[in-house]
Amino acid sequence: MTIAQRAGCLLAAAVTSVALLSPTVAGQDSITAATLSDEHVQRAIGAIVQELYARKDPARFWEPAKLPTGESKQRGGYSALVVLALLSAGETFQDPRLRDAVSYLETVGMDGTYAVSMRANVWALLPPKFNELLADDTKWLVDGFSEGVGGWNYRQQPNTTRRDNSITQFGALAFWEAAKRGLGVDARYWRMIEDRFLNMQLADGGWNYTGDGQSTGSMTAAGLATLFITQDLLHSQEYVAINPNRQTPSQLAIADALKWMDENFAPDENPNRFTYYYYYLYAVERAGLASGYKFFGGHDWYRQAAAELLRRLCTWDPTTRQMTANRRIAGDGRAAQVRASDLAFALLFLSRGRVPVAINKLQDADVAWNNRPRDVANLTGWLQATTESGLNWQIVDLQSEPHEWLDAPMLYFASHQRVGWLDQLPQDIDAYVRQMRQLYRARAAGEIANQPQAPTRPKIEPLDKLRAYLDLGGLLFAVNEGEAHAFADSIEKIGRVMYPQYDWRTLGEDHWAYTILLPVQNKRPTLRGLSNGVRELIILAPTTDFSTTFQARLDNKRSHYRTAANIYFYASELNRPRPRLAPHFVAGIDDPQDDMRFEAPLATATIVRAIHTDNWDAEPQALTVFSAAMRQQHEFAITLLDHPLARIHQLDPPPDLVVASGLDEHHFTGPQRNALRAYVEAGGVVLFETPGGRGQFTLSAEQACTEIFGAPIRSLRRHRIVTGQGLRGAAHLSRLEYRPFSFEVFGAHETTPRLRGMIIDGRPRVLFSREDISHALLDQPCWGIAGYQPNSARRLLGNILHHVLVLSEQN
């Protein structure tokens, strides 16, 4: 079995099992950047694919009946562009609708640089048997390269003095694809291409078509993408030595071009050109993915431009949830016709930009966060080749909101410097940790009146954001660069302040970081871990400079690649990252605008999280995210409270539901047993659950409750909590989905809910789930979780709430 098969890299399955499609607001027939979902993009891709097939001519394929003036030498290029777009959208060259077009490209004589470059990109997406054709087109481009201008002209004219940044971008992209497939492209060509773009960069940081006039969006994006390619191919070794003050011509040019994009990017027009809009977005996608930047000037370039593309090219029916491609712009019969090339460029943008993000790289202006600018890009490329799946990477700013970082299952943070905001931490961290642990113990014991005073800590926004990200299901992989330990030391201190209840530890050789998919048997890099007992929160490499390995592509450091890959596989649940626009509900947490959608909720409930001496709060945001989902989807308002288990019977009014979570075997004290008896016999409902699904907490609760209530524990698979029968708004859950790791625990594939309970006064009032619910509520992938899939967990807990409300009405 191949690594790709073992990793489960079928992204369609990931969409089904991990992503939750957001509901469409009734009557909403237009799609905006704010409402755009992955479902919209998927259906638009499908509609454009079908429209391109419908436009295929049996003889000309996608060539115009008459080539535009000046493009007679680009014969075959239009068909190559469409074939490239269809392949990028997931179509197979073996499809009968595409096979003859590929055969046409194999035989057609091309003598135009645009056409040959586009065809070279096609060969690069096909199996190795097409490598000879890729080599032929690469040689054609080498023979047509003009050393005098460091690029190409329309035709194979090595002596041309004409400078054309558009044509040179296409040639450079073809060269890049050839280089990635091991075809020799001499470094001197890359140096000449780089020098050409450096010399043609305008004073404002942008580029234009031939060097005359003002900078344009399409050519600036083209120049920026090309410089990132040359930075990767020519300068990787230069960045191995740490030098935060390094200012190479290429680096300065990239910084100026990024500044231009920040100041001028527009999702709905080609800045300063106002034509060639679809070609412009093709260049933006190339620049965005090459640079890793998610935002240009505060604009989420993919989300906003994708929404504009769908407005122009597609019509959405929210009732049937169908997308159709327009023949004219925005479906307006008076507007311009949509050309096949427009659809192809749009399809390339939508398909490539939608590819899941594997790793986010954290940008922190107060620390040297980018000493090795291509480390994550190269690691992602290695992962992509290893898993045989499409993966992207991106850069996220510490100034952005933590839920933005959840686009990827893993956050990468590397530096050689002490983290700047460490100075705001408590001076005596050991004392702070001791005082916090004393407070936790007092709260767990129910000592409300005599609790020790909480130690003071200043509000540190970066630290609070990082804590929020981790609590929402994220994983931080921190890498100490260089030989000093300032960065590693600061990460450990930050971890202790964020989670004073947990201890750092050195990971053993049997840890999943060395074993999960790619065994690391020799020269294991030392790793430190901080866990909440359910999952790892932070993995720290204190002495191994992974960043150097990835930046310089040191293939002999296999243990580094394998270890980092295992961390990714763990965080992504064996390569099941969410698609780029797949929604998650955490964005709605504490959003006042969300509460304004309705004057009064359809239903309300109070849930108490029971405090006790075990790890009762391992996933502190689980119920908060669940509450946000219920509010957004069902207008169901939930109030969350924390209260000692030993005192739950004293709450007035009594809560609708008590959730007692824990990991390890728990000894229930006399006061806790008395409180449980009084609360349940008064009509309350309690749910015991083991986050992560691997501990003994729920089992010990079952034993204690058997002693307390003297009732048998039985399966609830035929009860209304599972069937939904008689519960307004409840779901039928006789078949549920479990996380992939669950089947390793169960020993078989299962779909039947495992929820069990005790019948008290004729109703299930004491519920038990040995399987995870809490982590699933975060809707984040993670290997090692034995329990329900996110959507199944939400629906199951939702049914429990509906059951509780019915009981409350009857009491």
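Contact here means heavy atoms within 4.5 Å, and that is the sense in which a helix lies across a strand in what follows. This is a predicted model, so read every value below as computed from it.

Let's start with the sheet. Seven strands make it up, in the order E13-E12-E14-E15-E18-E17-E16, and the sheet is open with mixed pairing. E13 and strand E16 (713-715) sit at the edges with a single partner strand each, so each has one side without a neighbour in the sheet. From one strand to the next, the twist averages 30 degrees. Within the sheet, E12 and E14 run parallel and are joined by three bridges. If you want a spot to click on, try isoleucine 607, which stands opposite leucine 657 in E14.

Now for the helices on this sheet. Helix H25 (residues 697-709) lies across E14, strand E15 (686-689), E16, strand E17 (756-760) and strand E18 (763-769), and its direction makes an angle of about 150 degrees with E18. Helix H23 (residues 622-634) lies across E12, E13 and E14, running at about 165 degrees to E13.

What about the nonpolar interior? The largest nonpolar core has 231 residues, and the members that touch the most others are Trp62, Leu350, Leu466, Phe477 and Leu657. Leu657 is the leucine we just met opposite isoleucine 607. H12 gives the most to this core, with 11 residues. Leucine 350 is a good place to look around: setting aside neighbours within four places in sequence, its contacts are Val41, Ala44, Ile45, Ile48, Tyr302, Ala306, Leu309 and Leu310. There is also a second, separate core of 24 residues, and Leu645, Ala675, Tyr679 and Ala701 are among them.

On to the charged side chains. Side chains of opposite charge can pair when their charged atoms come close. The structure has 48 salt bridges by the rule used here, and a few are worth a visit. Arginine 352 and glutamate 285 meet in one of them, at 3.9 Å from N to O. This pair links distant parts of the chain, with arginine 352 in helix H14 (residues 340-354) and glutamate 285 in helix H12 (residues 277-291), 67 residues apart. Both arginine 352 and glutamate 285 are buried.

A second pair is arginine 739 with glutamate 573, whose closest N and O atoms are 2.8 Å apart. Arginine 739 is in the loop between helix H26 (720-723) and helix H27 (742-746), while glutamate 573 is in the loop between helix H21 (558-571) and helix H22 (592-595), so the salt bridge ties together parts that are 166 residues apart in sequence. Here too, arginine 739 and glutamate 573 are both buried.

The third pair takes us back to the sheet. Aspartate 642 forms a salt bridge with arginine 609, with the closest N and O atoms 2.7 Å apart. Aspartate 642 belongs to strand E13 (residues 636-644) and arginine 609 to strand E12 (residues 603-611), 33 residues apart. Are the two partners buried or exposed? Aspartate 642 counts as partly exposed because its relative accessibility is 32%, whereas arginine 609, at 15%, counts as buried. Elsewhere, salt bridges that share partners join Glu39, Arg43 and Arg321 into one network.

What about covalent links between cysteines? A disulfide is a covalent bond between the sulfur atoms of two cysteines, and the structure holds zero disulfides. Two cysteines to look at are cysteine 705, which counts as buried at 1% relative accessibility, and cysteine 782, buried with a relative accessible area of 4%.

Finally, some backbone oddities. Most residues other than glycine have a negative phi, and most peptide bonds are trans. Leucine 574 has a positive phi of about 60 degrees although it is not a glycine. Leucine 574 is in the loop between H21 and H22, and with a relative accessible area of 10% it is buried. Phenylalanine 274 also has a positive phi, near 65 degrees. That residue lies in the loop between helix H11 (249-264) and H12, and phenylalanine 274 is exposed, with a relative accessible area of 55%. As for the peptide bonds, the one from aspartate 652 to proline 653 is cis, with omega near 0 degrees. You'll find proline 653 in the loop between E13 and strand E14 (657-661).

Note on methods: Residues are numbered from 1 along each chain as its sequence is written. This is a predicted model: local features need pLDDT of at least 70, side-chain atom pairs count only at pLDDT 80 or more; totals for chains, interfaces and linings use all residues. Side-chain values use heavy atoms; hydrogens and water are left out. A salt bridge is a side-chain nitrogen of Lys or Arg within 4 Å of a carboxyl oxygen of Asp or Glu. Helices (H or I, at least four residues) and strands (E, at least two) are DSSP runs, numbered from the N terminus. Buried means under 20% relative accessible area, exposed over 50%, partly exposed in between (1.4 Å probe, protein chains only). A disulfide is a pair of cysteine sulfur atoms within 2.5 Å. Two strands pair if DSSP finds at least two bridges between them. Axes are lines fitted to C-alpha atoms, for helices over the stretch in contact, and angles run from 0 to 180 degrees between N-to-C directions. A nonpolar core is a set of buried Ala, Val, Leu, Ile, Met, Phe, Trp, Tyr and Cys residues joined through side-chain atoms within 4.5 Å.
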